[in-house]
Amino acid sequence: MAEMVTIREQDLIESVADALQYISYFHPMDYIRALAAAYEREENPAAKDAMAQVLANSKMCAQGHRPICQDTGIVNVFLKWGQNCRLESDKSLQEVVDEGVRRAYNHPENKLRASIVADPAFTRRNTKDNTPCVLNVEFVPGDKVHVDVAAKGGGSENKSKFKMMNPSDSIVDWVLEMIPQMGAGWCPPGQIGIGIGGTAEKAVLLAKESLMEEIDIHEIKERGPKTDTEALRLEIFEKVNALGIGAQGLGGLTTVLDVKIKEWPCHAAGKPVAMIPNCSATRHAHFTLDGSGPSFLETPKLDEWPDVTWAPDKEAKRVDLDTLTHEEVQSWKHGDRLLLNGTMLTGRDAAHKRIQDMLAKGEELPVDFRGRAIYYVGPVDPVVGEVVGPAGPTTATRMDKFTDMMLDLGLLAMIGKAERGQGATQVIAKHKVAYLMAVGGAAYLVARAIREARVVGFEDLGMEAIYEFTVTDMPVTVAVDSQGNNVHQLAPLVWKERIAREAETV
């Protein structure tokens, strides 16, 4: 029998902490190469601009060692533990890995946003250190420990889909039905992970695991599929992109950069299928422990990033938020590019719920919303020299049920990520205001536009407090105008038709 290899508690902790810091500011290079290629191919100026923001943001984060996205994710850890390895610790494996998470998220030079809440059905108290992680362990032959870490953003995780299919049901048809329902809150272009088989929980786990694999769809396309699974991946990839949803849902040629599939045998009576998207801030890394010490990931070379810069669109309209009027808001048309200047308020789920409760009790609100714009954001804490940490938008549909209430308070504009639901779009048209979209996955770039930040309400809510930001040339797109025209509904239809026409002429 082979001699046992000892994995020290401290080595596992340090390696997990290093990997989580690493993925907070370094994109996987396979993703950057795939996105750069999609950027070069893209023909829709709005989608191309969104991709440019993501690529420019990525390089800025790599240089500055600051988070790609303000939503620094829920930590997923996949451990393949060699059976000849022993953990030298009196703690559970969950506790050891969680200590690595804790150190990563409380790192003084790059503190990451704590997004995990305990007591999820009731008080939803923030655990303050992003623990616990979601840990999956598999014992395998050998004398090494293989670790995949991922930080999964809420915007993409919330779009996960699952179905217990009949054996004869079409997986392709189901995926094509689900993708439009997912909207743009998962920040396309990204990857789709699909798990087929097993049981309900196994299919979902397979889908999540598949997202750890390297992007290789174009290699398969060039050489041709060798297996039924590769053929299925390619069919889904091409048919999803033909939907014309595009980057950030603005319409375009690329919605997914790859489709991953993992399978497991299942009961003859069913076919469990799960689908999980990975967003444009795709964060995952792999390391191996062999008992010789901690494992630290190699820093990528900055010249590997494409030479894509982003600057404000010369045709974009500059807007002074401090003198904003109903008339000016009503002059904006869906698809217009704006550069916001002046002061805006922030607020997201917890703040909206508290405002609702205070209004019900007849209590006075801490801020006046009349004539203001509100930004749906939960920023990362600033480090030395920063006004605010990375501060990209959160998914706007979560605020849909509060929209009528907030517009009754006098708001003129709302800023968030991705589409609004049909109900909220109708409310926006009723009040003759506008919803503006900022690019998800470009949080550090967006934060550079924020020149001042101060808490003006609900300080106890931490990152969900109401801030007042002073911004200079913050880039946004008019997603829903005062007439209720919705770019996320209209633009993909145009591109879907255009892609279909071009396919017919090939």
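**Helix packing, annotated domains and selected residues**

The crossing of α1 and α4 is right-handed. In this predicted model, the axes of helix α1 (residues 9-25) and helix α4 (residues 93-105) come within 7 Å, and they cross at roughly 40 degrees. That angle makes the two helices oblique to each other. On the α1 side, the contact is made by Glu-9, Gln-10, Leu-12, Ile-13, Val-16, Ala-17, Leu-20 and Gln-21. The α4 side puts in Leu-93, Val-96, Val-97, Glu-99, Gly-100, Val-101, Arg-103, Ala-104 and Tyr-105.

Next come α2 and α3. Helix α2 covers residues 29-41 and helix α3 covers residues 45-64, and the pair packs at about 150 degrees with axes 10 Å apart. Angles over 145 degrees count as roughly antiparallel, so that is the label for α2 against α3. Here the crossing is left-handed. Tyr-31, Ile-32, Leu-35, Ala-36, Ala-38, Tyr-39 and Glu-40 are the α2 residues involved, and they meet Lys-48, Met-51, Ala-52, Val-54, Leu-55 and Ser-58 of α3.

The third pair is α6 (residues 171-182) with α9 (residues 228-241), whose axes sit 10 Å apart at an angle of about 30 degrees. These two helices are therefore roughly parallel, and α6 passes α9 in a right-handed crossing. From α6 the contact takes in Ile-171, Val-172, Val-175, Leu-176 and Ile-179, and from α9 it takes in Leu-232, Glu-235, Ile-236, Lys-239 and Val-240.

On the annotation side, an unreviewed UniProt entry lists residues 14-287 as "domain: Fe-S hydro-lyase tartrate dehydratase alpha-type catalytic". Over that stretch the chain is 39% helix and 24% strand, and the end C-alpha atoms lie 12 Å apart. The unreviewed UniProt entry also places "domain: Fe-S hydro-lyase tartrate dehydratase beta-type catalytic" at residues 291-489. Residues 291-489 come out at 22% helix and 24% strand, with 54 Å between the end C-alpha atoms.

A few single residues are worth a look, starting with Arg-420. This arginine sits in the loop between β16 (413-416) and α13 (422-431). Its relative accessibility is 2%, so Arg-420 counts as buried. What do its side-chain polar contacts look like? One, of 2.7 Å, goes to the side chain of Asp-400, and another, of 3.4 Å, goes to the side chain of Tyr-376. Leaving out residues up to four places away in sequence, Arg-420 touches Tyr-376, Ala-396, Thr-397, Met-399, Asp-400, Thr-403, Met-414, Thr-425, Ile-428, Tyr-435, Val-480 and Asn-486.

Tyr-435 turns up again among the contacts of Val-478, a residue of strand β19 (residues 466-480). Val-478 has 0% relative accessibility and therefore counts as buried. Beyond four places in sequence, its other partners are Trp-332, Lys-333, His-334, Gly-335, Asp-336, Leu-338, Leu-436 and Val-487. As for Glu-504, its C-alpha lies 32 Å from that of Val-478, with the two positions 26 residues apart in sequence.

Pro-28 falls in the loop between α1 and α2. At 12% relative accessibility, Pro-28 is under the 20% cut-off for buried, so it gets that label. Setting aside neighbours within four places, Pro-28 is in contact with Thr-282 and His-284. Pro-28 and Gly-195 are 167 residues apart in sequence, and their C-alpha atoms are 22 Å apart.

The backbone has some details to check too. The peptide bond from Thr-131 to Pro-132 is cis, with omega near 0 degrees, and Pro-132 belongs to the loop between β5 (125-126) and β6 (134-140). Another cis bond runs from Pro-188 to Pro-189, with omega near 5 degrees; Pro-189 is in the loop between α6 and β9 (190-197).

Positive phi values also show up at non-glycine positions. His-65 has a phi of about 50 degrees and lies in the loop between α3 and β2 (74-82). For Lys-432, phi is near 55 degrees, and the residue is in the loop between α13 and β17 (434-437). Are these residues buried, exposed or partly exposed? With 35% relative accessibility, His-65 counts as partly exposed, and Lys-432, at 35%, is likewise partly exposed.

Definitions and conventions
Residues numbered from 1 in each chain as written. Predicted model: local features only at pLDDT ≥ 70, side-chain atom pairs only at ≥ 80, totals over all residues. Heavy atoms only, no water. Helix = DSSP H or I, 4+ residues; strand = E, 2+ residues; numbered from the N terminus. Buried < 20%, exposed > 50% of the residue type's maximum accessible area, 1.4 Å probe, protein only. Contact = heavy atoms within 4.5 Å. Polar contact = N/O pair within 3.5 Å; in protein donor to acceptor, adjacent residues only side chain to side chain. UniProt positions renumbered as here; feature names shortened; annotations may be inferred. Axes fitted to C-alpha atoms, helices over the stretch in contact; angles between N-to-C directions. Parallel < 35°, antiparallel > 145°, perpendicular 65-115°, else oblique. Left-handed = near helix turned anticlockwise from the far one by under 90°.
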